[in-house]
Every structure is written in C-alpha cells, then in structure tokens.
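Me: I would like to learn how to read strand pairing, disulfides, cores and buried side chains in a model, taking one feature at a time. Could we go through them together on an example?

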Amino acid sequence: QVQLVESGGGSVQAGGSLRLSCRASGYTSSICRMGWFRQAPGKEREGVAAIRTTGSLTTYADSVKGRFTISQDNAEKTLYLLMNSLKPEDTAMYYCAAFRGICGWSVPLTRNNYNSWGQGTQVTVSS
C-alpha cells in the first residue's frame, strides 16, 4: 500500500509560480513511476506530467510543456511540480499519482496507468 499526500497549492495571479509537493509513504519501493493529474469542476481528470522513478524520464501534457517541470527526490520520497507562467486555465485540483508494478520505458499520462492517488491540492490562478 502506498499513501500520497500533496501540498503546496494555493491562489496566485496569472504569470505567477507555485511548487507542488507529494510525499509518498508505505510500500514506496514498488513505485516505478509517478505523475501529476488535475481536474477542474465539471471536467475530466487529465494528466499533467509524469516521471519514471528510475532514470527520471518525463512526459508532459502539451498544455503545460515549457511552463511546468516535474522532478523527484527519491531519497525523501517526494515528487514535485514546479509551475511557472501560470494561467487561469491551470486552475484545478491537482492530484499526485503513482504506479506500483512493472514499468516499461514510457511514462504515460493516462489515468489507467496509475494505481495510487492522493487527495489533491487546490490551485487557483486569477487574472
């Protein structure tokens, strides 16, 4: 079992930055990739960025590429998402996700490729 707890959300004006954190606990040695997803009210949950635990290969959604950076501190069992140049359309609940199992080389952003989820942290970007 893996527990994921997000933090770092808040309110910021457009153009500002936030850094989200996700601390993992439990059977973390089984995690082979982690990611960030977001969901706005009335919208489907969408993948934002993902990273392979070993090798740090990454994938970004086109909507955030060049603005967001996903990273990890494996020693501290913490995942980060640095969000720069925030836009109002980035407003959403952001969820940390992890996959426990056998990973291939890819780091997909599809929800069905993750099997552990945090409770989310709210990010609100105003104009």
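Me: Which residue in S8 does Leu-18 stand opposite?

Reply: Before answering, keep in mind that this is a predicted model. Leu-18 stands opposite Met-83 in S8, and this pair belongs to the antiparallel pairing of S3 and S8, which extends over six bridges.

Me: How many bridges join S1 to S3, and which residues are partners there?

Reply: The approach is to take the sense of the pairing and then to look for individual partners. S1 and S3 run antiparallel and are joined by six bridges; Leu-4 has Ala-24 as its bridge partner in S3, while Glu-6 stands opposite Cys-22 in that strand.

Me: What is the order of the strands in the open sheet, and which strands stand at its edges?

Reply: A sheet is read from one edge to the other, by following partners. Here the open sheet has four strands in the order S1-S3-S8-S7, paired antiparallel. Strand S1 (2-7) and strand S7 (68-73) are at the edges, and because each has a single partner strand, one side of each lacks a neighbour in the sheet. On average, and with direction ignored, neighbouring strands of this sheet are turned by 15° against each other.

Me: In which sense does S11 pair with S2, and in which sense with S9?

Reply: With strand S2 (residues 10-13), S11 pairs in the parallel sense over four bridges, and Val-12 stands opposite Val-125 of S11. With S9, S11 pairs in the antiparallel sense over three bridges, and there Met-93 stands opposite Gln-122 of S11.

Me: Which residues of S11 form its covered face?

Reply: For a strand, one can ask which side chains lie on each face. In strand S11 (residues 121-126), the covered face consists of Thr-121, Val-123 and Val-125, whereas Gln-122, Thr-124 and Ser-126 make up the uncovered one.

Me: How many disulfides are found in the whole structure, and which cysteines do they join?

Reply: A search of the whole structure finds two disulfides. One of them joins Cys-22 to Cys-96, with an S to S distance of 2.0 Å; this pair links distant parts of the chain, since Cys-22 belongs to strand S3 (residues 18-26) and Cys-96 to strand S9 (residues 92-100), 74 residues apart. Both Cys-22 and Cys-96 are buried. The other is formed by Cys-32 and Cys-103, whose sulfur atoms are 1.8 Å apart, and it too links distant parts of the chain, from Cys-32 in strand S4 to Cys-103 in the loop between S9 and strand S10 (116-117), 71 residues apart. Cys-32 and Cys-103 are both buried. With the bonded cysteines numbered in sequence order, the pairing is 1-3, 2-4.

Me: Is the link of Cys-22 and Cys-96 left-handed or right-handed?

Reply: The handedness is read from the torsion about the S-S bond. For Cys-22 and Cys-96 that angle is -75°, and the link is left-handed. For Cys-32 and Cys-103 the torsion is about 70°, so that disulfide is right-handed.

Me: Which residues of the largest nonpolar core touch the most other members?

Reply: A core can be read by its best-connected members and then by the strands that supply it. The largest nonpolar core has 36 residues, of which Trp-36, Leu-81, Met-83 and Tyr-94 touch the most other members. At least two residues each come from S1, S3, S4, strand S5 (46-52), S7, strand S8 (78-83), S9 and S11, and S9 gives the largest share, six residues. Leaving aside neighbours within four places in sequence, Leu-81 is in contact with ten residues' worth of surroundings that include Leu-18, Trp-36, Phe-68 and Tyr-94.

Me: Is Arg-38 buried or exposed?

Reply: The relative accessible area decides this, with buried meaning under 20%. Arg-38, which lies in strand S4 (residues 31-39), has a value of 6% and is therefore buried.

Me: With which side chains does the side chain of Arg-38 make polar contacts?

Reply: The side chain of Arg-38 makes a polar contact with the side chain of Asp-90 at 2.9 Å and another with the side chain of Ser-63 at 3.4 Å. Not counting residues up to four places away in sequence, the residues that Arg-38 touches also include Glu-44, Val-48, Phe-68, Met-93 and Tyr-94.

How values were computed. Residues numbered from 1 in each chain as written. Predicted model: local features only at pLDDT ≥ 70, side-chain atom pairs only at ≥ 80, totals over all residues. Heavy atoms only, no water. Buried < 20%, exposed > 50% of the residue type's maximum accessible area, 1.4 Å probe, protein only. Polar contact = N/O pair within 3.5 Å; in protein donor to acceptor, adjacent residues only side chain to side chain. Contact = heavy atoms within 4.5 Å. Disulfide = S-S within 2.5 Å. Pairing = 2+ DSSP bridges. Axes fitted to C-alpha atoms, helices over the stretch in contact; angles between N-to-C directions. Core = buried A, V, L, I, M, F, W, Y, C linked by side-chain atoms within 4.5 Å.
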